[in-house]
Amino acid sequence: MTDPAFIRQRHVTDGRDLEYPPLPEALVVPVYDNHTHLEISDGDEPMDYREQLDRASSVGVRGVVQVGNDVETSRWSADMAAIEPRMLAAVALHPNDAPDYAERGELDDALAVIAELATRPRVRAIGETGLDFFRTEAGPRRDAQFRSFEAHIEIAKQNDLAMQIHDRDAHADVIATLKRVGAPERTVFHCFSGDAELAQICADNGWYMSFAGNVTFKNAENLREALRAAPRSLIMVETDAPFLTPTPFRGRPNAPYLIPHTLRAMAETIGTDASTLAAQICSNTELVYGRWDAEPVASPPTTPIGIIA
């Protein structure tokens with residue numbers, strides 16, 4: 001097993017502030033980051049996953065779900081979760097990657113890799129999978145998304161794993177697919193992007209809603225309305241780091257240690273205190289994924305850390 005710090009580099013946008021924000025005030029009651037991508041290098045001084053998790057621990061973020069988007073990042077997620085007690089893994093082909101695999105004639109082989117990774121220790125979810133119509137028009141590429149999504153649903157159910165859904169501009173089709181095929185018992189809408197109506201549909205079906213830093217954005221009242229409509233027993237919090245950095249640091253590199261900003265904004269939105277909400281979210285997250293210490297970790301490799309891509 002190798003131990004690379006990063007296997008992706010975030011695209012640098014001209015004029016973007018690349019300095020990581022300062023540490024926030026620590027949470028009194030700890031929570032988990034439901035969805036993060038620590039394999040992606042970002043910022044003017046990139047932090048490897050150990051430093052990221054050390055910072056997170058110092059402000060009350062107990063652990064993370066590290067999420068894969070393709071074969072390479074899913075392998076990395078499974079490998080790192082196997083040696084890092086503060087990390088669990090989710091593995092999948094992102095809906096924007098599935099059509100590329102299909103066009104190369106490699107989708108079945110890639111899905112077979114995901115099915116194998118799903119059996120690994122400390123892999124607790126299939127994700128992120130789903131549908132993304134923002135960049136994909138109707139036709140063969142969208143057909144590949146549906147095929148991949150349904151295969152991931154089956155892998156999750158076969159292995160009794162949670163499922164993290166990526167849903168962008170595809171609410172109706174995601175819901176229809178889940179109802180037609182049958183959703184896994186623990187289904188999470190990652191980076192919830194709907195409104196109060198979608199939140200009610202999720203509540204009616206017992207699907208979890210995970211809110212990211214964009215719930216703090218000035219123009220995101222629809223997300224705050226959804227949060228108010230969501231049962232607290234179905235709410236989680238995430239970063240989707242290094243993306244979607246919460247206010248007041250929007251645009252700068254995101255990281256799990258910035259969860260307190262999002263959680264406190266969520267608590268204010270629904271009229272409760274941060275500790276009460278954190279306790280509920282911590283309980284919800286462990287119900288979905290189990291405890292982070294339920295399985296032992298392996299000894300870490302001795303390979304030096306380095307950026308390889």
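A residue is called exposed when its relative accessible area is over 50%, and buried when that area is under 20%. These cut-offs will be needed at several stops of this tour. The model on the screen is a predicted one.

**First stop: strand 5**

Select residues 87-91, which form strand 5. Five of the five residues in this strand are buried. In a regular strand, side chains alternate between the two faces of the sheet. Display the side chains and view strand 5 from each face in turn. On one side are Met87, Ala89 and Val91, and on the other are Leu88 and Ala90; all of these are buried, and both faces are thus covered.

**Second stop: the neighbours of strand 5**

Add residues 61-67, which make up strand 4. Strands 4 and 5 run parallel and are paired over four bridges. To see one such contact, select Gln66 together with Ala89, its bridge partner in strand 5.

Now add strand 6, residues 123-132. How many bridges join strand 5 to strand 6? There are three, and these two strands are also parallel. Select Val91 and look across to Ile126 in strand 6, which stands opposite.

**Third stop: two cis peptide bonds**

Most peptide bonds are trans. Two bonds in this model deserve a separate look. Remain in strand 6 and select Gly127 and Glu128: the peptide bond between them is cis, with omega near 5°. Glu128 belongs to strand 6.

Next, select Ala241 and Pro242. These residues are also joined by a cis peptide bond, with omega about 10°. Pro242 is located in the loop that connects strand 10 (235-237) with helix 9 (259-270).

**Fourth stop: two residues with positive phi**

Most residues other than glycine have a negative phi. Select Arg122, where phi is positive, near 70°. Arg122 sits in the loop between helix 4 (107-117) and strand 6. Is Arg122 buried or exposed? Its relative accessibility is 1%, so Arg122 counts as buried.

Finally, select Asp169. Phi is positive in this residue too, near 55°. The residue lies in the loop between strand 7 (162-168) and helix 6 (171-181). The cut-off from the beginning of the tour now applies: Asp169 has a relative accessible area of 52% and is therefore exposed, because exposed means over 50%. Display Arg122 and Asp169 together to end the tour: Arg122 is buried, whereas Asp169 is exposed.

Methods. Residues are numbered from 1 along each chain as its sequence is written. This is a predicted model: local features need pLDDT of at least 70, side-chain atom pairs count only at pLDDT 80 or more; totals for chains, interfaces and linings use all residues. Side-chain values use heavy atoms; hydrogens and water are left out. Buried means under 20% relative accessible area, exposed over 50%, partly exposed in between (1.4 Å probe, protein chains only). Two strands pair if DSSP finds at least two bridges between them.
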